[in-house]
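Please look over the structure shown below, with attention to its charged pairs and its helix packing. The questions that follow take these topics in turn.

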Amino acid sequence: MYIEGERAVNGEGLYINDIPDFPGTLQMVIFRSPIAHGIIKRIDVKDVFSHGGIALTPEDLSKVIINPFPNTVDKKIEYFPFARRKVRYVGEPLVLVLAKDYYKAIDLLDYVQVDFEELTPVVTIDDALKGNSLVHEEIGTNVVMDKVFSFGDQDAFSKAEVVITHPFKFSRHSALPLEPYGVLVHFEEELRVWANIQGPMLQAYFITKALNIPITKLKMKTPKDIGGSFGIKYEIYPYITLAAAASKIVKAPVRWAESRTEHFIASSAGSERKGEVEIAATKSGKILGIRYNFVEDVGAYVRPPEPGALFRVQGCLNGAYDVKNISGWYRVVVTNKSPTGLNRGYGAPPFFFALETAIDHLADELGIDPLELRIKNLITRFDRVIDGIEFYETPGGGLYPKQDYLRVVNAIREEYERWKGQKDVGVGLAVFVEPSVTNLAYVDLALNNRRNPHSASADYLTLSFNPDGTLSVFVNGTNEGLGHETTIVDIVCKELGLKPNEVSVTNQVDTDQPWNLASGSYSSRFAPVIISALILTIEDMKKKLITLAKKYLEAEEVTFQNGQFVDVKNPKKSVDVRRLVSAYHWNPSAFNVDFPLVSTGYFYSPLLKPVDGDRINSALAYGINAHLAVVKIIDGQVKVVKYVVSHDIGKILEKDILEGIMTGSIIHGINLALYEELKYDERGNPLVTTFDSYESLTLGDLVDADIQYIHFETPSPYIPSGAYGGGEGPIMGAPAAIANAVSRLLKKRVSETPIRVT
């Protein structure tokens, strides 16, 4: 039974707008900058008050929002959740307007009067690099990070027989969850927050630091359900901070609900990246070295965790290939566009798009079949042994677990051979590793001056038996429709002999429960981290139950089988878990033990450590993927007619749920490759403000698409669940595989998204 699905179908979901208002709640709306770049000359809000509303200006907000959010680059850029002195993108919050009625508050926006002195906007990466206009004059440049790193022998390029240079561009994009941001707060002696935040993670730290309050004063919760996120709801923390400041000032609870237009222009976007990849190789196709030259546009501010998109893949810069000589030149620029942030696959889709389209370019240059070139360079040796476990250590510091890469790649060969000779179709490939369970220390790679090394990646899970023998499970995360509750219930029932209706799972953010800086639902960490914590917690709980069972059965030794504790010497004596637990709750003196039937488990891997120079094991797991895309041009449009994913992501916990998630991820990747782009005009005005102007696939477009999955399972020897992440792999590979397919079809190199054929 799919628990979350049943709840949704029955209309029993509980979302942020279903949380009742606190008594006296005011509705907040935001007056946003109508221009991309300009100095604020005058703000007049007296007419808002005269018409029965409340308006809060930057001067008001500065009295409560004391500190900027943490700086993630060495350039000293102050980022507050509202404009100060000047505006830097269309949609930047400037004035908060509050009223008892939401529509009244919307109407009152017309009475906010602001005068600007417009400045020349910085709209493109090229504009930023030229530096004729500056987004932040105080730092004297639009380049806020300029970093060079190298691993291995850089003389490999001078020794190479062939060197190709491959330019690319990956466009700014959104994930568009069904539900935009929503916040309900009351800030008195403590700050109470309800929000559809993807946390609590570092956001709790960001919010309390900005408001200059101890983290113990923050009581943050999420509703039972969240209408999608794909990373975007990480960036809700500036709006929680704004609403909290408003609540503190007006001495009343405050609710804010983001409109879809606001979401398009100002919530969060995946960053635009352009640059080039150079590959040095022998004429026979052995890759000797790779150079990356990336320029990342993060919008008007470097909003944490940016510029992490560049470094999330630091541990897998060589992809799936045995290449030891790698270097990079990474630059981050600011422009007069909304700040960027997490988006599905964070950093990996543009990276593998650049690398895998470059691999195809090299194949063309050498006259070698693209599949054979990849196989020639696949990793086959896993010669770094840690505690008896075999890994491949990458130049950037990653630790790939031992898997049979050749088996996974060869699994797509039959389809590849079947399609590649056909007329009027293009066949494209992408082979890569899928990083999951992010080591949050990767954000430190952007800094030269590093303080307080960290490596957050662990998490908690709590089991608690109730007096009637039912079990409650708590996870500090969010339910985004990924089947987490169903998976937990299935494992608990299997391990403890309970029935599904006897297990209740709470998968919600609650800072009153155990959490840490890594807690939350992101980076495909559920199967490796949360389920590992669950397994460890069940083991601990079983030890407690065994102690109780011995006393209850008056037995020296018991075993657990088919949901029953059985006396080893007298198998006729047994007790099931529910009866045992109820007996303990009813009469604890009969057992005389000093432990509760509550267990909090914690999973942490020592393989994830702080940054070491420019090296880091940036993820706990790296599953191998081989993707094949087949495209045709129908009515002037590129259509994906076949898509195959072959992968090994360790143990598969719930195959049906995994394939559902992967299908969504493939569709997301197709959209990025062919359709979606957040465009701006020359004045920095967003051209995409509604679904009508943001091209995306519809269900009708996918009716004839044939999607195939080939699963291999090599359970992890170092992760208790045995599972790696699997939900983000398709979006990491799809843009590259589709671009390579279109290149084959058109017989010309395609290396920009979205792909246009007319």
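Q: With which residue does Lys420 form a salt bridge?

A: This model is predicted, and in it the closest N and O atoms of the pair are 3.0 Å apart. Lys420 lies in helix α14 (residues 413-420) and its partner in the loop between α11 (348-366) and α12 (370-377), so the pair ties together parts that are 51 residues apart in sequence. Lys420 itself is partly exposed, with a relative accessible area of 39%, and the residue that completes the salt bridge is Asp369.

Q: Is Lys219, which forms a salt bridge with Asp512, buried, partly exposed or exposed?

A: The closest N and O atoms of Lys219 and Asp512 are 3.2 Å apart. Lys219 lies in strand β11 and Asp512 in the loop between β22 (503-507) and α16, so this salt bridge ties together parts that are 293 residues apart in sequence. Asp512 has a relative accessible area of 46% and is partly exposed; because buried means under 20% and exposed over 50%, Lys219, at 24% relative accessibility, likewise counts as partly exposed.

Q: How are α15 and α16 oriented to each other, roughly parallel or roughly antiparallel?

A: Helix α15 (residues 484-496) packs with helix α16 (residues 526-553), their axes lying 11 Å apart, and the crossing is right-handed. The contact residues divide into nine nonpolar, two polar and two charged. The angle between the helices is about 30°, and because angles under 35 degrees count as roughly parallel, the orientation of α15 and α16 is roughly parallel.

Technical notes. Residues numbered from 1 in each chain as written. Predicted model: local features only at pLDDT ≥ 70, side-chain atom pairs only at ≥ 80, totals over all residues. Heavy atoms only, no water. Axes fitted to C-alpha atoms, helices over the stretch in contact; angles between N-to-C directions. Helix = DSSP H or I, 4+ residues; strand = E, 2+ residues; numbered from the N terminus. Parallel < 35°, antiparallel > 145°, perpendicular 65-115°, else oblique. Left-handed = near helix turned anticlockwise from the far one by under 90°. Nonpolar A, V, L, I, M, F, W, Y, C, P; charged D, E, K, R; others polar. Salt bridge = Lys/Arg side-chain N within 4 Å of Asp/Glu carboxyl O. Buried < 20%, exposed > 50% of the residue type's maximum accessible area, 1.4 Å probe, protein only.
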